[in-house]
Amino acid sequence: MSAKSASVVGLGKLGLCLAAVLAMNDYRVIGVDVNPVTIDSINKGISPIFESGLQEIIRAHRRRLHATSSFKEILSTKVTFVVVPTPSDDAGLFSLKFVERAMDSIGRELRTKKGYHLIVLVSTVMPGSMDHFVRPLLERVSGKTCGKGFGLCYNPEFIALGDVIRGMREPDFILIGESDKKAGLKLARIQKQICKNSPPIERMSFVNAELAKISVNSFVTMKMSFANTLAEICELMPGGDVDKVTNAIGKDTRIGFRYLRGAQGYGGPCFPRDNIAFATFARILGAHAEIALATHKVNLSQVHRVLDIFRKENIRPPAKIGVLGLSYKPNTNVLEASQSLMLAKELQRDGYEVLAFDPTMGENQKEILSLGINCAEGLLSCIDESDVCIIATPWKQFYDTDLNFSNKIVIDMWRFLNPETTATLKYIAIGQNRNLDSKFPPDYLEKLSEVEKIPAV
Ligand SMILES: NC(=O)c1ccc[n+]([C@@H]2O[C@H](COP(=O)([O-])OP(=O)(O)OC[C@H]3O[C@@H](n4cnc5c(N)ncnc54)[C@H](O)[C@@H]3O)[C@@H](O)[C@H]2O)c1
């Protein structure tokens, strides 16, 4: 048996990447999943998941990575990472139903294990889950005491889909909630082995780690909604250009550039739901998380901001709208909570004929068609067949390819198109107001009497 061994329960978007990263760091890895298709595919050396670099790692380290449905096999390893889904429930909190099943299966196997075993929950959970649900469940089912027979850690990830492997190997920091010092130390050692960049490791109690995890995404979404608010202001301000503003203020080290690009609202499987969970948790405690609520409200209004452009520009059905990019961000095929997809759906509902193209279209075609959105055969035909083209998800190829938008109206959510190529187009850039003819300052001081006064105290 190889000296370094680990098991990973849940081989999805995050878990399979973790298994692969462990394997590339000389760990013998047992992957456990309930999905036979996933298991079969991994054992054939084929990644069932679209993630940059993952296929290559699986192929290169296949010898050390074995997938199975048998929880018994985790007993041959020293540590088990649990990366199962924690979907949001109706109240906006994270459900523990998959965690419960997985921990129950692990606990049963641990009953027969002689030595110490470390269990690490990676899935995102609500504060209080580790102390009040996971630890008691494992103790009850295994018949062992946490801290003696087994150790327990919470070790959430802060990665972004499309960049998961790099994110796992070069994180800004590692967050560890621990049942006791021994458990935290063991996990810190493993993390040091798999990270290339010696990140700072923050070790703490379960509740603080659980809160820290959702706070990160809540803060980052706030930044995005702030940038989108700036974009809206710039659109209404003659000569306004959100990039000029964010490129300047991002240089302030208190602010920083990342996620400060006034463009599209945020989406995906983590950002919206983590921010809602943060706000809901605060409410349950009786704290006031108005910032998180405002962030969410701003995000919900982003698609309508684009629809307003259609009204302002008098673009009406049956105009044919080409939506370029549907995934919630580039380099992933994930459509969950995608603002591009939401926009396409709203346009279709408003009576426009919507034609969409995404580089990962094939895998999602059925779902897209079921929404009444037509799938273009390729990028060029999507543009050719449309009256209006929206550059929605900023895939690199949309800006690298010399695309012919002549005679089209182009709405560029991200302002990546070369200004030289847009000079002759009807080009609308989100976050910019190129109307330099209108007088500025406008009569806004006269409007002061019309707006609701914001009390100073
Ligand atoms: N995807 C992300 O970008 C991301 C980022 C940070 C945190 N997270 C968190 O990580 C967790 C997992 O997310 P994901 O995107 O990898 O989910 P996923 O849906 O892609 O994968 C989950 C996997 O778990 C398997 N599974 C379910 N129940 C199981 C069980 N009882 N035993 C064994 N396997 C089981 C499923 O078959 C699936 O393969 C979630 O809590 C999520 O919030 C995800």
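**Close-up views of the model**

**View 1. N407 sits in the loop between α16 (396-400) and β13 (409-412).** Before we zoom in, note that this is a predicted model, where local features need pLDDT of at least 70 and side-chain atom pairs count only at pLDDT 80 or more, while totals for chains, interfaces and linings use all residues. Residues are numbered from 1 along each chain as its sequence is written, and side-chain values use heavy atoms, with hydrogens and water left out. The α and β labels are DSSP runs numbered from the N terminus: helices are H or I with at least four residues, and strands are E with at least two. N407 isn't a glycine, yet its phi is positive, about 70°. Why does N407 count as exposed? Because its relative accessibility is 79%, and exposed means over 50% relative accessible area (buried is under 20%, partly exposed is in between; 1.4 Å probe, protein chains only).

**View 2. D26 also has a positive phi, about 70°, without being a glycine.** Look for D26 in the loop between α1 (15-24) and β2 (28-32). With a relative accessibility of 46%, D26 counts as partly exposed.

**View 3. The peptide bond from P317 to P318 is cis.** Its omega is near 10°. P318 belongs to the loop that links α12 (302-312) to β9 (320-324). For background, most residues other than glycine have a negative phi, and most peptide bonds are trans.

**View 4. Here domain 1 (5-204) meets domain 2 (223-429).** These bounds come from an automatic or database domain assignment. The two domain centres, taken over C-alpha atoms, are 34 Å apart. How many residues of domain 1 are in contact with domain 2? It's 16, and they touch 17 residues of domain 2; contact means heavy atoms within 4.5 Å. Together the domains bury about 1,300 Å², 61% of it on carbon and sulfur atoms. On the domain 1 side, F50, F94 and L161 lose the most area, together 41% of what that side buries. Buried area is the accessible area (1.4 Å probe) that two parts lose on being put together, summed over both.

**View 5. D172 pairs up with R258 in a salt bridge.** Their closest N and O atoms are 3.8 Å apart. The rule asks for a side-chain nitrogen of Lys or Arg within 4 Å of a carboxyl oxygen of Asp or Glu. Across the interface of domain 1 and domain 2, that rule finds 1 salt bridge.
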